[in-house]
Amino acid sequence: MKQNFGTKITEFFINYFSFSGQLVSQAEAEAAIREGVSFKGTNIVILILAIFIASLGLNTNSTAVIIGAMLISPLMGPIIGIGLGVGIHDFALLKRCLRNLLMAAGFSVITSTLYFLISPVNEQHSELLARTSPTIYDVLIGFVGGGAGIVALGSTNKGNVIPGVAIATALMPPLCTAGYGLATWQMDYFLGALYLFVINSIYIAFATFVGVKFMKYKGVNDADNVRARRVRHVVYSLAILTMLPSIYLTYNMLTQSRFQANADRFIAEECNFPDTQVLNRKIFTENGERCLQMTMIGHTLPVDSLQLALSAKLKYYGLQGTKLIFIQGGDSPLANVQNTSADDIFRLTQNTISRQQSTIDSLRAVIAREDTSQKLSVTISPELRVIFPAIQQIGIANAVFVAPADTLDADTTAVAMIKTSAPLPKADHDKLVKYLEARIGAKKIMVVNI
């Protein structure tokens, strides 16, 4: 029973993953690849136009335009040709592909450099920045994309795989970003983008080489086995050496991401103050030291106390050795915000205005209550002369009564101060209290005869 089940599972996977009857002949696949290797005439013109389109897309930060440029670009041809040349030991094809790829990359960088030299817009948009920090994920994208490309070229049903590989592996934008780095003389941009292009090229070619071996393409008849072995060793060495810097960059990226998450958790759990809140945080490195800068709104807190209280807790969040910097708005929101962004300043100012408006509204409410008390005295005075003829004058106010032993237990009571021509009998006094409670809407009122 177990054997039958295992056999069925094996047959299931063989049935769905078998290439039988779905691959074109080696000669047909080779012809399709060799056709895209050449870089003369129209291919060069199309490449230059595609570079201009990609540069415009990066300049305007338009993803759609960049995708269009990647679909137009003929750069995939010589890269896949390199993998085929190594796989079938066709060194003449390998040389031609390397020469054409170098020429194409050179034309691309020169074209994009000229564009960015004359372009009036030189801002660093997100699409540009994304092409300057390659990681191990770019290695995987290049390898998997190249694998999909060679399988599609070798199959009868090619579909939209090659255009999809061109978009996923993004060969054009790094070359444009390298040109931007040269035009603006920012070598970190140039080297980072060039490294990303090298990663994509090597791993697409490496995946093609693996795919050729997997599909068992035969080598050329006059191949030099010793030379072929040496070339394979060079390919393996290049693949490993190209991957190593990306592993280091990935480690830095993950470390920075973890540091930011720890900083956010530290602020959320430890920086909770009654009348002060953290408006924004900024993480940067200064003189080799990591800094956590917090922009705070509300009552100004003593910096020495903040440093003493919070620095001791950094180690519990994996932030030991981090320098804490506090920017506080206080009564003058723009006093200490030289290192704060315009958006932070705007929010800081808006919060200060909101807090001040709340204070103004509170004071207005107090004034309104006092004004109401004064008006009540004037309003009910004629009525009192009719109901209580002995009352000559009345004044109504709110008084706060505090017990000396407990200053936190305060009680606000309405007080009516009256002046009479003769003492009021107790019955009239009680009647006056009920009348005033009903008339002014007070739950409790104290009547004082002055």
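In the predicted model, contact between α5 and α6 (helices being DSSP runs of H or I of at least four residues, numbered from the N terminus) joins Pro78, Ile79, Gly81, Ile82, Leu84, Gly85 and Val86 of α5 to Leu93, Leu94, Cys97, Leu98, Asn100 and Leu101 of α6, where contact means heavy atoms within 4.5 Å. By class, the residues of this contact comprise 10 nonpolar, 3 polar and no charged; Ala, Val, Leu, Ile, Met, Phe, Trp, Tyr, Cys and Pro count as nonpolar, Asp, Glu, Lys and Arg as charged, and the others, Gly among them, as polar. The two helices pack at an angle of about 155 degrees, with axes 8 Å apart; axes are lines fitted to C-alpha atoms, for helices over the stretch in contact, and angles run from 0 to 180 degrees between N-to-C directions. α5 is therefore roughly antiparallel to α6 (angles under 35 degrees count as roughly parallel, over 145 as roughly antiparallel, 65 to 115 as roughly perpendicular and the rest as oblique). The crossing of α5 and α6 is left-handed, that is, the near helix is turned anticlockwise from the far one by less than a right angle.

Residues are numbered from 1 along each chain as its sequence is written. Local features need pLDDT of at least 70 and side-chain atom pairs pLDDT 80 or more, while totals for chains, interfaces and linings use all residues, and side-chain values use heavy atoms, without hydrogens and water.

Helix α10 (residues 172-183) packs on α11 at about 160 degrees, with the axes 7 Å apart, so α10 is roughly antiparallel to α11. This crossing is also left-handed. Among the contact residues are Pro174, Leu175 and Tyr180 of α10 and Phe190, Leu194 and Phe197 of α11; by class the contact has 12 nonpolar, 3 polar and no charged residues. The axes of α10 and helix α3 (residues 42-60) come within 9 Å and cross at roughly 75 degrees, so α3 is roughly perpendicular to α10.

The largest pocket (on a 1 Å grid over the protein atoms alone, an open set of points with protein on both sides within 12 Å along at least five of seven lines) has a volume of about 490 Å³, the volume being the space filled by probe spheres, of 1.4 Å, set on points joined across faces, edges and corners. Its lining (residues with an atom within 4 Å of a point) has 21 residues, of which Ile82, Leu98, Leu101, Ile202 and Leu238 lie nearest the centre. α5 (76-88), α6 (91-118), α11 (187-214) and α12 (225-270) each supply at least two lining residues, and α11 gives the largest share, 8 residues. The lining has 19 nonpolar, 2 polar and no charged residues.
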